[in-house]
Structures are given as structure tokens and as C-alpha cells.
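The following explanation leads the reader through a protein chain and its RNA partner, beginning with a single residue and moving outward. Please keep the sequence and the model in view while reading.

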Amino acid sequence: MLDIRTLRDNLDATEARLHTRGEAVTLASFRDLDGRRRALLGESEALKAERNSVSALIGKTKDKSEVQGEMARMKEVSARIKELDEELRRVEDELRGLLLTIPNLPDSACPVGGSEADNREVRRWGTPRDFPFEPKAHWDLGEALGILDFERAAKLAGARFSVGFRAGARLERALINFMLDLHTADGRYDEVLPPFLVNRDTMTGTGQLPKFEADLFHLDEPDYFLIPTAEVPVTNLYRDEILDGALLPLCYTAYTPCFRKEAGAHGRDTRGLIRQHQFNKVELVKFTRPEDSEAELEKLLNDAERVLQQLELPYRVVDLCTGDLGFSAARTFDIEVWLPGQQAYREISSCSNFRDFQARRANIRFRREAGAKPEFVHTLNGSGLAVGRTLVAVLENHQQADGSVLIPEVLRPYMGGLERIAS
RNA sequence: GGAGAAGUGGCCGAGUGGUUUAAGGCAGCGGUCUUGAAAACCGCCGUACCGCAAGGUACCGUGAGUUCGAAUCUCACCUUCUCCGCCA
């Protein structure tokens, strides 16, 4: 959510900036709603002030027959207040509804552009292997090794699900544990295990609702949503709280499964593990002081990169342009891993600074020192990493001519010492 | 799922219709005193919104209702605790 005062004072500039996201954002009704709200509020509060003072007077008067006139008049005033407050409620609901659908302001450092093509490549790490044979896609490797089964997953649930068997199941678990251990080493991140189902307020706090309900799996009774990322429960951990500024930055890492309908993704990545309705992810989440969030984003990005480096997987880092930015993000760096099966770099992590956008929605504040006014924190998060896609990258990058897969050194302790997956 | 109890400020806790602008205490901040500290004493000590300001309004789990007036009365819901049932 954007700051209502900033919006009021810089409406045109804000609208122009939001247009660089490529979607039509109209703030025309804002000025009208904001004006009506303040007019109604002023009238209602003046009447309440009168009612309060007259009621106090009635209270002090022993003989109520002396104040029959006032009591009758206050009955009218109360009725009027009720009307005004009902109208005010309608206007405020509409105003809040509008504010909740306005995306975050892109950071001034973002490349301006309308699509993926305008993203700026920041750096590359590692060199894609030169295969002396035709590298296979992970679905072929996985099925041949008997460690991935998409057909039986379709029987159990449907398209965009998978079953891991033996070394496939264990590799997924190994990756999760390896990532969590890496991030929690030296106490850099604290591990959290949050609920995988959350309520509507939580989904609204991070920005998934109200606009993107169609992308979420939902339970009717009770009214719960399956989380699409650990960002949702972990960021909302401190919703409606005022944090001690001395504790910032707070850094968390969380493993969760993630559930996404992938609405609008028909026909894209239909084979394999790349785009699933359910996948595992280890997430990094930070709560920082406003002045620290830019530097903390760099560190978070480096922490995510370190996972790929240790797994010996080539990747590149991309600075997302204004048109490719997610709804809540002000700045995002994607990490794209090289997939020999596709001969392409594919997203494996997305690291974002949301500045105070989520903090304002979720009302997450901090106090610099005792007695200081509460300020909104900045929130950040990034995948560290998407586990399913990491498994894909390990299989495809470390495959051998005979169809076996060499397990990266750092994962072997997590695989019971196994060095190679072979059929 | 059934029965019962309870939700008040950072924390504890008083308050069953009108000087409650929420008593009192603890914690915190500032000061007096002191070489310094402690103790004692004095003062300050919630959040948000509206307003140029003075000031005003709202908030006692949430939402409705009764009343001139609600922390207080009524109804519904939520959460927590205790017991029973079920269960990994």
C-alpha cells in the first residue's frame, strides 16, 4: 500500500511512475474519495464532540426533567451521526479497496521497460558445461533413472504434479536440508517453520489479495488459503506489531511447500518439474530499517547465489525492469540457472525489496529507541532457492554420458555418502 | 464435537450506565540528590485519524444492538485456558 499523504500530494507523479509498470493504473477516483472521506469525518466528529459535552451535562444534572429538550435533541444528533458514519464507512471501504489494488512504486534504480526483454543482466557466474553428448532434459533423466514419475502423479492428482522415488525423493530432502544449514550457519538467518495454510488478512498483508485470488488454492470452510510462498506467513509473523529497533535487521529462513494454480500459464512449461502446482522452496525473509534495505537486498542476493555456487551450477543475475516487477516489489533481482536440457537460463530465485509497501499493508513497525515514534520497517525476501528447480538444475548440469548423475560434493553428506545416481 | 471460564495500555491489574480525559503498580524515559551508582523523591510515559493551529474524534478481543450517554447492559462471532470425547 502506498502512503495516502504521498499520494494526495504527488498524485500525477505517482501515476506517471506506476505507468512504467505497463499496466493502466488510474487514480482518478482517489482525490474524490479522499475529499469525501475528510468532509464526512469532519462533520461526524464535530457532532460527536457536541454529543459528548451535552451528555456529560445531562449526567451532572440531578433533575432530568430540566434536560428533556437536550436529551431529545441528542437523540436526533445520534441518528445523524449514525448516518454519517455509515456513509463514511462506505467511502473508507472503497478508498481502502482502491489503495489495496495499486502496485508498489518501482525503485528509481530499476531499468525502465515493458517486458522481460528490457531486464538488465548484472553478472554471470560459472560456465555452462560443454557436453560431448546431447544433454537430456530432466524428465527424461529422471524417468530413466526411476526417480521421477509424472504419470502416476497425474493419476493421483493431475497435471503439474510429480512423484519422487528413492534418490529423487532423497535429493529433494537433501537440498532442503543443505540450504537451511547453509543459511542458518553462523546465525545469519533464524529458521522458521510456519503454517502452510493462512487466513485472508495474512494474504492481504503481503499483497496476494485482493488482486490475485485466482492464483491461489483456497479452502472454503474454514476460509483458508494454501501459501504460494513462505514469504506470506513469515512476513506476516509481525503483522500489527511494533518491533524493537535494536533487533533489526531480523533475518529468517523457512522451508515450506508452495501451492500455485498457475492460472494463465496454460501451455507453458507443461513437461517436467519447472512449473508445478506444488513445489518446495527455502525462502529468505528480512525485516530492516528503511535506510538498510538496499544493502540488505545485496546481501540477500549473495546468500541465494552462494547456494548455486556450492552446487556448482552456472547462473546469471538479472535486474528486473519496471514492467517485469511483481505487484508488491520496488526492486527485484532474479537469479537464473543454466539448464542444459533447455539451453537457457531459467529463473530459480527472485530477490525483492518491498520497501514499506508490505509493512504498511500489514502494519509492521519498529521503534528506533524507547519513546520514539513508530516507523514502518522495510521487508525483503528471496528464494534461497526453489528446490524443485534446483533439483532440475543438478540433474541436467551434472548428468553423465551414461545417463547417471554425479552428486555435487556438498550434497553427499546429505545423501548418505552417495556420489552418483545411477539406474 | 460437548461443557465451563476468561479476554482492559509494553506487562500486571482495578473498574457492572455519567468528574474514567481508563485508578494503582511494574518496566521505560527525563530530572533532583550523589564523586559515581543505588535508594528516595518529582515529572513524563499508548496508537491512529482530522485540523494551519488551538484542539477534536476513535480505540478496553471483533462486529452489531439498547441509551441523551457503554470498558460496564444485550446478541453474534473470534481467540485462549480447564475438563470430556476423538486423534498423529
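Ser383 has its place in strand E16, and it offers a convenient point of entry into this model, which is predicted. Is Ser383 buried or exposed? With a relative accessible area of 8%, Ser383 falls under the 20% limit, and it therefore counts as buried. The side chain of Ser383 has a polar atom 3.1 Å from the backbone nitrogen of Ser350. Leaving aside residues up to four places away in sequence, Ser383 touches Lys281, Val282, Glu283, Ala304, Ile348, Ser349 and Ser350.

The strand that holds Ser383 can be considered next. E16 spans residues 378-386 and is mostly covered, with nine of its nine residues buried. Strands of a sheet pair through backbone hydrogen bonds, in either a parallel or an antiparallel manner. E16 pairs in the antiparallel sense with strand E10, residues 278-288, over seven bridges. Within E16, His378 has Thr288 standing opposite. Strand E13, residues 344-355, also pairs with E16 in the antiparallel sense, here over four bridges. Opposite Thr379 of E16 stands Arg355.

A second residue, Ala254, also has Lys281, Val282 and Glu283 among the residues it touches. Ala254 is found in strand E9, which covers residues 250-259. The relative accessible area of Ala254 is 2%, so this residue is buried. Besides those three residues, Ala254 touches Leu180, Val192, Pro194, Ala230 and Val234, again not counting residues up to four places away in sequence. Ala230 is 24 residues from Ala254 along the chain, and the C-alpha atoms of the two are separated by 6.6 Å.

The discussion now turns to the nonpolar interior. In soluble globular proteins, nonpolar side chains tend to be buried together. The largest nonpolar core here has 51 residues, of which Leu171, Leu175, Met179, Leu308, Ile335, Leu395 and Ile421 touch the most other members. Helix H7, residues 167-184, supplies the largest share of this core, with nine residues. Apart from this core lies another, of 27 residues, among them Leu47, Val67, Leu95 and Leu100. Leu308, one of the residues named for the largest core, touches Trp125, Leu313, Tyr315, Ile335, Val337, Ile348 and Leu385, when residues up to four places away in sequence are set aside. Ile348 is also among the residues that Ser383 touches.

Another sheet can be traced as well. How is the sheet E8-E14-E15 built? Three strands form an open sheet in that order, with mixed pairing. Strand E8 (241-244) and strand E15 (375-376) stand at the edges; each has a single partner strand, so one side of each is left without a neighbour in the sheet. E14 and E15 pair in the antiparallel sense over two bridges, and Arg365 stands opposite Phe376 in E15.

The next subject is RNA strand B. Which residues come nearest to RNA strand B? Of the 25 residues around this strand, Arg37, Arg38, Ser55, Lys75 and Ser78 come nearest. By class, the surface near RNA strand B has 14 charged, seven nonpolar and four polar residues. On the RNA side, 75% of the atoms within 4 Å of the protein belong to sugar or phosphate, and the rest to bases. Specific side chains reach the phosphates: an N or O atom in the side chain of Lys75 is 2.9 Å from a phosphate oxygen of RNA strand B, and an N or O atom in the side chain of Arg8 is 3.2 Å from a phosphate oxygen of that strand. A polar side-chain atom of Arg367 likewise lies 3.1 Å from a phosphate oxygen of RNA strand B. The elements that give two or more residues to the surface near RNA strand B are helix H1 (4-9), helix H3 (28-60), helix H4 (68-100) and strand E14 (364-367). H3 gives the most, with 11 residues. E14 also takes part in the open sheet described above.

Finally, chain A may be viewed as a whole. Its secondary structure comes to 12 helices and 18 strands. Along the principal axes, the C-alpha atoms of chain A fill a box of roughly 100 × 45 × 45 Å. Chain A has 423 residues, and buried residues make up 49% of them. Among contacts in chain A with a separation of 6 or more, 73% involve residues 24 or more positions apart.

Key. Residues numbered from 1 in each chain as written. Chains lettered and ligands numbered in written order. Predicted model: local features only at pLDDT ≥ 70, side-chain atom pairs only at ≥ 80, totals over all residues. Heavy atoms only, no water. Near = heavy atom within 4 Å. Polar contact = N/O pair within 3.5 Å; in protein donor to acceptor, adjacent residues only side chain to side chain. Nonpolar A, V, L, I, M, F, W, Y, C, P; charged D, E, K, R; others polar. Core = buried A, V, L, I, M, F, W, Y, C linked by side-chain atoms within 4.5 Å. Buried < 20%, exposed > 50% of the residue type's maximum accessible area, 1.4 Å probe, protein only. Contact = heavy atoms within 4.5 Å. Pairing = 2+ DSSP bridges.
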